[in-house]
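Please open the model in your viewer and keep the sequence panel beside it. The tour below proceeds by selection, each stop saying what to pick and what is to be found there.

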Amino acid sequence: MASPGLLSDEPETAAAPEQKSTTRGKSPTRIALGRLRKDRVAMICLGVLAFFVIIAVFAPVLSKIEGQDPTALHQNLIDDFGYPTVGPTSQHWFGVEPRLGRDLFSRWVYGARPSLIVASLATVISTLIGIVIGLVSGFAGGWVDRVLSWIIDLVLSLPYLLFAIAVPAVILTIAVGNKEGVGADTTATVRFYSLIFVLSFLGWANLARLIRGEVLSLREREFIQAARVIGVPTRKILFKELLPNLVAPIVISTSLALPAYIVNEAALTVLGVGLTEPTPSWGVTISAATNFYRADPLYLWLPVGGITILVLSLALLGDSIRDAFDPRTRR
């Protein structure tokens, strides 16, 4: 007979180790980036942007692979009327430029550089100015807010095209004066930096107004009031408490501003107030190609196609970033 101690209605169960469930919270920025990674359109546009950045960075390498220089003249390939006598060949992948005979492929890859550099610098400068002025204006209030708001309204009221045409000429006159025999390189350098200044000066006000409106609502929140009560310095409140809550509008504004600056740079260059020779800009090429678009369509459509594809990709990427950071606008 079995002993009473061996009889039991309860099944024997092994002691299972305790499992601790850990949950990791995600910030809104991480959630938005996760949405962005799942967006096929955004990833394709990001790949196109990376393609053009690689072209701009490795333009000298690509020109050496082709075996041409963007400044070399090939007058032997130009007829008496200035038109090329050859098309795309193994020596000149996109053909040669009318009138001067410069290689079009090397000019095209080098032309991506000024567009991206001008647009990137203008975006960074205008974004920094807009963030600082918007934060100070919205948080300070009083006469500081009134003065800065007046400056924002003044910049927004300036006629964009007239200002963009007049300022580079004034800067060029101040920089070189009335000196005779000023080189084309000096003029091109002054035009390059004056164009960055014009785009940055006219582009920060919209972001500053947006940031100011966001700060006006955030400064009344409990965490800001608590920071004020315990004596947190204003600088830390602006950049440690308020700024992290403004990541979404800043990223969206930046992503939409970059393609706009690329278009503005090319448009101002075509109008004759942007970049000039010998800078191998797409806008410079378009301006020169308008007289030869019937006889040599490739001369015109290469830079036009580059700008169109780049701007379209950046615009779609900006829309995807906006949708990722604001789920209410998702398509």
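Helices here are DSSP runs of at least four residues, numbered from the N terminus, and a loop such as the one that holds Pro278 is named by the helices on either side, in this case helix H10 (247-270) and helix H11 (282-289). Please keep in mind throughout that this is a predicted model.

**The whole chain**

Begin with a cartoon of the protein chain, which has 12 helices and 0 strands. If you then colour by burial, buried residues make up 40% of the 331 residues in the chain.

**The loop between H10 and H11**

Select Glu277 and Pro278 and look at the backbone between them, where a cis peptide bond joins the two residues, with omega at about 5 degrees. Most peptide bonds are trans, and most residues other than glycine have a negative phi. Keep Glu277 displayed, and add Glu97, Arg102 and Arg107: salt bridges that share partners join these four residues into one network.

**The loop between H3 and H4**

Move next to Arg99, whose place is in the loop between H3 and H4. Its phi is near 75 degrees, a positive value in a residue other than glycine. How far is Arg99 exposed? With a relative accessibility of 48%, Arg99 counts as partly exposed, because the exposed class begins only over 50%.

**Aromatic rings**

Now show the side chains of Phe, Tyr and Trp; the structure holds 12 aromatic pairs. Select Phe94 and Phe105, which form an edge-to-face pair with 5.2 Å centre to centre and 75 degrees between the planes. This pair links distant parts of the chain, since Phe94 sits in the loop between helix H3 (59-66) and helix H4 (104-140), while Phe105 belongs to helix H4, 11 residues apart. Of the two partners, Phe94 counts as partly exposed at 24% relative accessibility, whereas Phe105 is buried, with a relative accessible area of 9%.

A further pair can be picked at Phe192 and Tyr193, again edge-to-face, with 5.3 Å centre to centre and 90 degrees between the planes. Are these two partners buried or exposed? Phe192 counts as buried at 16% relative accessibility, but Tyr193 is exposed, with a relative accessible area of 54%.

To see the wider setting of Phe94 and Phe105, extend that selection to Phe51, Phe52, Trp93, Trp108 and Trp282, and you will have one aromatic cluster on display.

**Salt bridges between H5 and H7**

Side chains of opposite charge can pair when their charged atoms come close. A search of the whole structure finds 8 salt bridges, and the next selections visit some of them. Select Asp145 and Arg212, which form a salt bridge whose closest N and O atoms are 2.7 Å apart. The bridge links distant parts of the chain, with Asp145 in helix H5 (residues 142-157) and Arg212 in helix H7 (residues 184-218), 67 residues apart. Asp145 is buried, with a relative accessible area of 11%, and Arg212 is partly exposed, with a value of 23%.

Stay with helices H5 and H7 and add Asp153 and Arg209, whose side chains meet in a salt bridge at 2.4 Å, N to O. This pair also links distant parts of the chain, Arg209 being in helix H7 and Asp153 in helix H5, 56 residues apart. Both partners are partly exposed, Arg209 with a relative accessible area of 44% and Asp153 at 37% relative accessibility.

Then turn to Arg219 and Glu220, which form a salt bridge with the closest N and O atoms 3.4 Å apart. Glu220 is exposed, with a relative accessible area of 51%.

**A charged patch on the surface**

For the last stop, switch on the molecular surface and select Lys26, Arg30, Arg37 and Lys38, which gather there in a patch of positive charge. Within this group, Arg30 lies in helix H1 (residues 28-37) and is partly exposed, with a relative accessible area of 43%.

Terms used
Residues are numbered from 1 along each chain as its sequence is written. This is a predicted model: local features need pLDDT of at least 70, side-chain atom pairs count only at pLDDT 80 or more; totals for chains, interfaces and linings use all residues. Side-chain values use heavy atoms; hydrogens and water are left out. Patches are made of residues with over 30% relative accessible area and no salt bridge: like charges are joined within 9 Å, nonpolar side chains (Val, Leu, Ile, Met, Phe, Trp, Tyr) within 5 Å. Accessible areas come from the Shrake-Rupley method with a 1.4 Å probe; for residues, only the protein chains shown count as cover. Lys and Arg count as positive and Asp and Glu as negative; His and the chain ends are not counted. The place of a charge is taken as NZ of Lys, CZ of Arg, CG of Asp or CD of Glu. Helices (H or I, at least four residues) and strands (E, at least two) are DSSP runs, numbered from the N terminus. Buried means under 20% relative accessible area, exposed over 50%, partly exposed in between (1.4 Å probe, protein chains only). Rings of Phe, Tyr and Trp (its six-membered ring) pair if their centres lie within 6.5 Å; planes under 30 degrees apart count as stacked, over 60 as edge-to-face and the rest as tilted.
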